[in-house]
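Dear colleague,

I am passing on the structure below, together with notes on what turned up when I went through it. Please read the notes with the sequence and the 3D view open beside you.

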Amino acid sequence: MAPVPRGGVVAVTGSAGFVGGWVVRRLLQRGYRVRACVRNTADLTRVGFLKAMPGYASRRLTLHAADLDQPGSFDAAFAGADAVAHISHVSGYADQDHILRVSQDLIDSIERSGSVRRVVVTSSVAAIISEMDLQELVRRPVFDEDRYPDESNPKRTPERGQGYSMGKLAIERVFSQAAARSGRWDAIVCCPGDNVGPIQSAHQKDMGPWQSLINQMLLGECRQNGVYRPWMTVDVRDDADAHIGLLESPRVANGERYIAWSTETRPVETICADIDRLLPELGHLTPPVTDDFPPRIRERETEMRAIWAGCQLRNDRIRAVTGMSFRPLDESLRDCVESLLAIAGTRPVLRPGFSLPD
Ligand SMILES: NC(=O)c1ccc[n+]([C@@H]2O[C@H](COP(=O)([O-])OP(=O)(O)OC[C@H]3O[C@@H](n4cnc5c(N)ncnc54)[C@H](OP(=O)(O)O)[C@@H]3O)[C@@H](O)[C@H]2O)c1
């Protein structure tokens, strides 16, 4: 399938979100025409930053109201578009039938467009690594695109917290199968790691979850998370470039999935302390790390940390098909913190003798 033409029209679902907002900005910078899909075009707290982007005044960027829960509501935004970056969340991940239904509705809109040639579908590394049994990570420690969670584990259910990774896998498959049936468009899957980097709008401080956890660290709370899994990060701007690289690449094929992460890993407690290391002028008071895990998890901390330490993260495939490289986490963390202060107005807890500028 031919990749998206330079300067072509790209529709972006989830444009008001952390990742989607950066995809919109980078697409504009690369000369594309962008149709930003959001649920409420009138909610300036969520879309004000899109309207402030260069490109909105000239109408190279347009906003479109569309909700996955309303069949057909993406028709107008997709009509005549060359490509779709389907980045938005669904309304929830507990009901797998609902996920399939709204995905099929979006596919129907793609089919009705008559013009869309490529769709990049945002999945997650959760669809690669999220296991009910951590021993599975010992048996299969290489985190590459060929890896899938053990789907035969009977405990793998939404009720036990696997709805997100199950839903993402279902979305990957339903899009690839529909594209194969259609033959007129292809679906390429992007599986991002933990996104860290600058927010563009104050409302994004509560999303993520990674920027929201960093915001809480600034406010004096750092919680152990993810059964001691270190953060496996990608800068949100690199994630956006990965999506665009997959839209543009002539070297990808329908049904392929690509992991977008830097392969750098860092435990949450180090990230928390790194705020002061990276921005010593700020005087952030590094909070103690609290561990809310139940005793049965806490007593396995050493074992779990060792399992994660034995995992090997790969990103060679996306680098090969897009030519992109990834920023170091230090840069993402620094820029995330500065954006939380400057854009969201977060007032961090500081050590005695430090204060914020007037
Ligand atoms: N952030 C990460 O670290 C990370 C890691 C791996 C994968 N991902 C994936 O990347 C995508 C974007 O994540 P994000 O962090 O940017 O999330 P986000 O900031 O929460 O943005 C998600 C967007 O999804 C939209 N949305 C939710 N329900 C919708 C519905 N029913 N119809 C239409 N739009 C809907 C929301 O739109 P409105 O604002 O218009 O209401 C929201 O802006 C998600 O698919 C996520 O699973 C994220």
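Strand 7 and strand 11 run parallel and are joined by four bridges, and within this pairing Pro192 stands opposite Ala260 of strand 11. Please keep in mind throughout that this is a predicted model. In strand 11, which covers residues 257-260, Arg257 and Ile259 point one way while Tyr258 and Ala260 point the other way, and all of these residues are buried. In a regular strand the side chains alternate between the two faces of the sheet.

Strand 7, residues 186-192, is also joined to strand 5 by five bridges, again with the two strands running parallel; here Thr122 stands opposite Cys190 of strand 7. Strand 5 takes in residues 118-122, and five of its five residues are buried. Both of its faces are covered, with Arg118, Val120 and Thr122 buried on one side and Val119 and Val121 buried on the other. Strand 5 is in turn joined to strand 4, residues 83-86, by four bridges, and these two strands run parallel, with Val121 of strand 5 as the bridge partner of His86. Between strand 4 and strand 5 the chain passes through helix 4, residues 96-113, and this β-α-β crossover is right-handed.

His98 has its place in helix 4. Is His98 buried, exposed or partly exposed? His98 has 16 C-beta neighbours inside 10 Å, whereas a buried residue needs 20 or more and an exposed one has 12 or fewer, so His98 counts as partly exposed. If you compare His98 with Pro294, you will find the two 196 residues apart in sequence and 32 Å apart in space, taken from C-alpha to C-alpha.

A further set of strands deserves a separate look. Three strands form an open sheet in the order 8-10-12, and the pairing in this sheet is mixed. Its edge strands are strand 8 and strand 12 (265-266), each of which pairs on one side only. Strand 8 and strand 10, the latter made of residues 231-235, run parallel and are joined by three bridges; one pair to look for is Asp194 with Thr233, its bridge partner in strand 10.

Strand 8 also takes part in the surroundings of the ligand. Which residues come nearest to the ligand? Of the 26 residues around the ligand, they are Ala16, Gly17, Val19, Leu68 and Asn195. Helix 1 (18-29) and strand 8 (194-196) each supply at least two residues of this shell, and helix 1 gives the most, with three residues. By type, the shell divides into 10 nonpolar, 11 polar and five charged residues.

After strand 8 the chain enters a loop leading to helix 8, and Pro209 lies in that loop. The peptide bond that joins Gly208 and Pro209 is cis, with omega about 25°, and you may wish to inspect it in the viewer. In helix 8, residues 210-218, the buried residues are Trp210, Gln211, Ile214, Asn215, Met217 and Leu218. These residues lie on the same side of helix 8, because they cover an arc of only 155° around the axis. What covers them includes helix 1, strand 8, strand 9 (222-223), strand 10, helix 10 (268-278) and helix 14 (329-342). Helix 8 is followed by Gly220, which has a positive phi, near 105°.

Lastly, there are two residues other than glycine whose backbone angles you may want to check. Val227, in the loop between strand 9 and strand 10, has a positive phi of about 35° although it is not a glycine; with 14 other C-beta atoms within 10 Å, Val227 is partly exposed. Thr263, in the loop between strand 11 and strand 12, likewise has a positive phi, near 80°, and Thr263 is partly exposed, with 16 other C-beta atoms within 10 Å.

With best regards

Terms used. Residues numbered from 1 in each chain as written. Predicted model: local features only at pLDDT ≥ 70, side-chain atom pairs only at ≥ 80, totals over all residues. Near = placed C-beta within 6 Å. Nonpolar A, V, L, I, M, F, W, Y, C, P; charged D, E, K, R; others polar. Pairing = 2+ DSSP bridges. Right-handed = clockwise from strand over helix to strand, strands pointing away. Arc of directions from axis to C-beta. Contact = placed C-beta atoms within 7 Å.
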